[in-house]
Amino acid sequence: MPAPPSPAKGKRKSVTGTRKGLAVAFLLPALVLLGALVVYPIGFSVYRSFLDQSGDNFAGFDNYVEIFTEDTIRTAIKNNLIWVVVAPTVATALGLIFAVLTERVRWGTAFKLIVFMPMAISMLASGIIFRLVYEQAPERGIANAVAVGVHDTFSESAGYPKARPLPVHPLKAGDAKGSFVTKQPVTAGTPALIPLVGVPPDKMPSDAEPAKTAGNGGGEITGTAWLDFTKGGGGKPNVVDSKELGLGGLRIEAVKDGKVVASATAASDGTFTLPASADGAVLQLPESNFKEPYNGVDWLGPSLVTPAIIGSYLWMWAGFAMVLIGAGLASMPRELLEAARVDGANEWNVFRRITVPLLAPVLAVVMVTLMINVLKIFDLVLIIAPGSSQDDANVLALQLYRSSFGTDANVGVGSAIAVFLLLLVIPVMLFNIRRMQKENRR
């Protein structure tokens, strides 16, 4: 039987017999889209980054120099560094903790669903939610509602935060900021007068009683602290009128030679009594009587705005880390864990020496993914940070937008920031590619 003819040398066919021209025809639409949406924008951004603001003149590396010399952009670079270091690390750690702890509980699936649910919310919606969460007013912002509740549990607020004396009153500003003292020393047998104004009658304590004139008190120092204001008009300054209320709870100190020798607290009708040792002393109303009520933390102020926004990011992305790490845990060989426990290892050693090393590839995937993600963070910063502290929360992606499309836009600087962001992402992508290649070789 004759042997079949051998194929001609140099003419190799693919398994499917598809010709190269047909393969190119199928790939051409994808290549066109890739070139139009990726290659061309990158190339044009690089080209535009070397032109000036108008785009007509060559600027060299001036736009890149401005990135590292302009204060606002340097703040954005610093904040991006904080984001890259803190956000992926904390999100991965939270995901690892959640994944490990929910493995052994019956309601673990429900917990994972709740933690992962924020991933279904857009960055825009998440930003709006946390802008409300971080509201300064405790009645609107839940973060400050909790902070005020905890603070007020352990620290009582001042009773009269806006109380003050009038110029005609026998009081003047003290040496300590926010305090008041009597203009003249007090003497036994002459009731001291502590009149104040500035407290609306409807803001007075519910147990406030009509003020009373204190008695002589024998050798003791007596006096009255009251709201020197008559609702509806009338009344005389520095005189206790029947319609005026006592400043119950007001703290009064007797000061001699710069030292407090005695103290008292006014009753609900404003009367108070000091021992005879206070004779000849100056009466002082310490600043603790007039401190503004605690209104919580300024979460969106210059010092806390970046950590606050990172907190909202963790709320969204900790669930993503938990799901990926949970998948890694599910594929982990259980016999290694059981062998370690049989050998006497406690749960912490099992977690630290076996679970974490076996999960290293998954943890690397989560970290790299989140690092790339935070390098282009934009929505949360734009929405959560108020205008007064947006410069303090600035990041490179937001600065790119502001430089390219904001007031007095400079597209050259914006393009330079875009190229700089690309250069920051490339090393992370190369690391991820090499890691994947090593995994495929195993």
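Strand S2 (residues 180-182) and strand S8 (residues 282-285) run antiparallel to each other and pair over 2 bridges, where two strands are taken to pair if DSSP finds at least two bridges between them. The model is a predicted one, in which local features need pLDDT of at least 70 and side-chain atom pairs count only at pLDDT 80 or more, while totals for chains, interfaces and linings use all residues. Residues are numbered from 1 along each chain as its sequence is written, and side-chain values use heavy atoms, with hydrogens and water left out. Helices (H or I, at least four residues) and strands (E, at least two) are DSSP runs, numbered from the N terminus.

**The five-stranded sheet**

Within the S2 and S8 pair, Val181 faces Gln284 of S8. The two strands belong to an open sheet of 5 strands, ordered S1-S2-S8-S5-S6 and paired in the antiparallel sense. Its edges are formed by strand S1 (171-173) and by S6, each of which pairs on one side only. On average, neighbouring strands of this sheet are turned by 30° against each other, direction ignored; the axes behind such angles are lines fitted to C-alpha atoms, for helices over the stretch in contact, and angles run from 0 to 180 degrees between N-to-C directions.

Thr182 also lies in strand S2. Thr182 is buried, with a relative accessible area of 6%, where buried means under 20% relative accessible area, exposed over 50%, and partly exposed in between (1.4 Å probe, protein chains only). Its side chain reaches the backbone oxygen of Gln184 at 3.0 Å, a polar contact being a pair of N or O atoms within 3.5 Å; within protein, one atom must be able to donate a hydrogen and the other to accept it, and residues adjacent in sequence count only if both atoms are side-chain atoms.

**The three-stranded sheet**

A further open sheet has 3 strands in the order S3-S4-S7, with mixed pairing. S3 and strand S7 (271-274) are its edges, each having a single partner strand, so one side of each is left without a neighbour in the sheet. The twist from one strand to the next averages 20°.

S3 and S4 pair in the parallel sense over 5 bridges; across this pair, Ile194 has Ala225 of S4 as its bridge partner, and Leu196 stands opposite Leu227 in S4. Strand S3 (residues 192-196) has 4 of its 5 residues buried, so it is largely enclosed by the rest of the structure.

**Loop residues**

Pro205 is found in the loop between S3 and S4 and is partly exposed, with a relative accessible area of 29%. From the C-alpha atom of Pro205 to that of Asn216, 11 residues apart along the chain, the separation is 27 Å.

Two other loop residues have a backbone feature in common. Asn238, in the loop between strand S4 (221-227) and strand S5 (251-256), has a positive phi of about 70° although it is not a glycine; Asn238 is partly exposed, at a relative accessible area of 23%. Asp257, in the loop between S5 and strand S6 (259-265), likewise has a positive phi, near 55°, without being a glycine, and at 81% relative accessibility Asp257 counts as exposed.

**Helices and annotated segments**

The 31 residues of helix H3 (residues 71-101) should span 45 Å at 1.5 Å a residue, and the end C-alpha atoms are 44 Å apart, which agrees; the expected span is 1.5 Å times one less than the number of residues. H3 nevertheless has a kink of about 25° centred on Trp83, the bend at a residue being the angle between axes fitted to the seven residues ending there and the seven starting there. Helix H13 (residues 411-441), with 31 residues, reaches 45 Å from its first C-alpha to its last, close to the 45 Å expected at 1.5 Å a residue.

Both helices have a cap at the N-terminal end, as tabulated here.

| Helix | Capping residue | Contact | Distance |
|---|---|---|---|
| H3 | Glu70 | side-chain oxygen to backbone nitrogen of Thr72 | 3.1 Å |
| H13 | Asn410 | side-chain oxygen to backbone nitrogen of Gly412 | 3.1 Å |

According to the unreviewed UniProt entry, the annotation "transmembrane region" covers residues 21-42, 81-101, 113-134, 313-333, 354-375 and 411-433; UniProt positions are given in the numbering used here, feature names are shortened, and annotations may be inferred rather than shown by experiment. Over residues 313-333 the model is 86% helix and 0% strand, with the end C-alpha atoms 33 Å apart. Residues 411-433 are 100% helix and 0% strand, and their end C-alpha atoms lie 32 Å apart.
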